[in-house]
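Welcome, and please have your viewer ready. The model shown here is a predicted one.

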Amino acid sequence: MDDAPGRKPWEAFCPDGVIIFSDILTPLPAFGVPFDIEEVRGPVIQSLICSEDCLKALHPIDLEKLHSVGESLKILRQEVGDHAAVLGFVGAPWTIATYIVEGGTTRTYTTVKSMCHTAPNLLRDLLCHLTKAISEYIIYQVESRVHCIQIFDSWGGQLPLDMWEQWSKPYITEIVSIEQNKCPKIPLVLYINGNGGLLERMKGTGVDVIGLDWTVDMADGRKRLGNDISVQGNVDPAYLFSPLPAVTEEIQRHTHTKAT
């Protein structure tokens with residue numbers, strides 16, 4: 001813990017990058033999907049997308065409803081100046097869709113996976129709507145002065161490889177294309193939880209950086225991805241509960257591996 005009350009984390013620890021945590025579901029009400037956060041269940045969405053009529057309730061993203069996010073990013077950027085990078089982040093269309101279809105977190109993803117086969121057109125329409133909304137939200141964060149954007153396809157790793165190619169990759173690729181056209185100087189990072197089987201496919205989206213999770217060895221990830229793309233670190237978060245020497249040793253081990 002910092003022994004100087006009132007100091008901000010970035011002042012106390014001097015990291016290379018800083019982030020204001022804003023849940024990947026934060027923009028949902030801005031395009032017609034209200035939700036609540038319950039202490040035990042986490043996010044709970046009552047208005048599920050399960051039919052074409054439900055889909056009609058969605059509307060273009062209203063960025064005015066996300067004003068607090070933009071203002072917070074601007075303030076942070078002003079405070080850190082050029083001493084640290086300010087990171088923005090969004091959820092990928094497939095991952096956001098899992099919440100909207102399932103009604104919250106799930107361990108099985110049964111409903112949304114079934115929709116791939118029982119209502120594919122509905123799911124495609126939902127993913128297309130999310131792709132447009134997320135793209136606009138990224139541009140909004142860039143205009144609020146973030147240095148880079150990380151795309152979290154948190155639950156993409158729950159899909160078989162061929163289904164990820166069909167139901168997640170095309171929409172991420174479209175977002176990347178839009179952002180590279182409108183914000184060409186802003187690096188894009190892609191992270192998928194449990195991404196060991198997807199690394200090469202992730203690279204195919206056109207992002208600038210691949211975020212490895214802690215189940216993937218850094219050296220192996222670099223070998224598989226080649227030297228023409230950056231790789232982001234993968235220390236197991238559980239190390240934060242370990243003694244300081246163990247945390248330091250693990251971070252140094254990853255630092256000594258060629259990650260970028």
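The sections below look at a helix pair, a buried threonine and the aromatic pairs.

## Two helices side by side

Let's start with helix α6 (residues 120–143) and helix α8 (residues 169–182), whose axes come within 10 Å and cross at roughly 30°. Angles under 35 degrees count as roughly parallel, and α6 and α8 are therefore roughly parallel to each other. Their crossing is right-handed.

Which residues make the contact between them? On the α6 side they are Arg124, Leu127, Cys128, Thr131, Ile134, Ser135, Ile138 and Ile139. On the α8 side, Tyr171, Glu174, Ile175, Ile178, Glu179 and Lys182 take part. Sorted by character, the residues of this contact comprise eight nonpolar, two polar and four charged.

## A threonine out of reach of solvent

Now turn to helix α4 (residues 93–102), where you will find Thr95. Is Thr95 buried or exposed? Its relative accessibility is 0%, so Thr95 counts as buried.

If you set aside the neighbours within four places in sequence, Thr95 is in contact with Ile24, Phe152, Asp153, Ser154, Trp155 and Gly156. Keep Phe152 and Trp155 in mind, as both return in the next section.

## Aromatic pairs

How many aromatic pairs does the structure hold? There are three. One of them joins Tyr109 and Trp155 in a tilted arrangement, with 6.1 Å from centre to centre and 45° between the planes. Tyr109 sits in the loop between α4 and α5 (110–118), while Trp155 belongs to the loop between β5 (148–152) and α7 (161–167), so this pair ties together parts that are 46 residues apart in sequence. Tyr109 has a relative accessible area of 4% and is therefore buried, whereas Trp155, at 22%, is partly exposed.

Another pair, formed by Phe152 and Tyr191, is edge-to-face: the ring centres are 6.0 Å apart and the planes make an angle of 65°. Here too, distant parts of the chain are linked, with Phe152 in strand β5 and Tyr191 in strand β6 (residues 188–191), 39 residues apart. Phe152 has 22% relative accessibility and so counts as partly exposed. Tyr191, at 13%, counts as buried.

## A ring cluster

To finish, you may like to display Phe89 along with Phe152 and Tyr191, since ring pairs link these residues into a cluster. Phe152 is thus a good place to pause: this residue belongs to the cluster, and it is also among the contacts of Thr95.

Conventions. Residues are numbered from 1 along each chain as its sequence is written. This is a predicted model: local features need pLDDT of at least 70, side-chain atom pairs count only at pLDDT 80 or more; totals for chains, interfaces and linings use all residues. Side-chain values use heavy atoms; hydrogens and water are left out. Axes are lines fitted to C-alpha atoms, for helices over the stretch in contact, and angles run from 0 to 180 degrees between N-to-C directions. Helices (H or I, at least four residues) and strands (E, at least two) are DSSP runs, numbered from the N terminus. Angles under 35 degrees count as roughly parallel, over 145 as roughly antiparallel, 65 to 115 as roughly perpendicular and the rest as oblique. A crossing is left-handed if the near helix is turned anticlockwise from the far one by less than a right angle, and right-handed if clockwise. Contact means heavy atoms within 4.5 Å. Ala, Val, Leu, Ile, Met, Phe, Trp, Tyr, Cys and Pro count as nonpolar, Asp, Glu, Lys and Arg as charged, and the others, Gly among them, as polar. Buried means under 20% relative accessible area, exposed over 50%, partly exposed in between (1.4 Å probe, protein chains only). Rings of Phe, Tyr and Trp (its six-membered ring) pair if their centres lie within 6.5 Å; planes under 30 degrees apart count as stacked, over 60 as edge-to-face and the rest as tilted.
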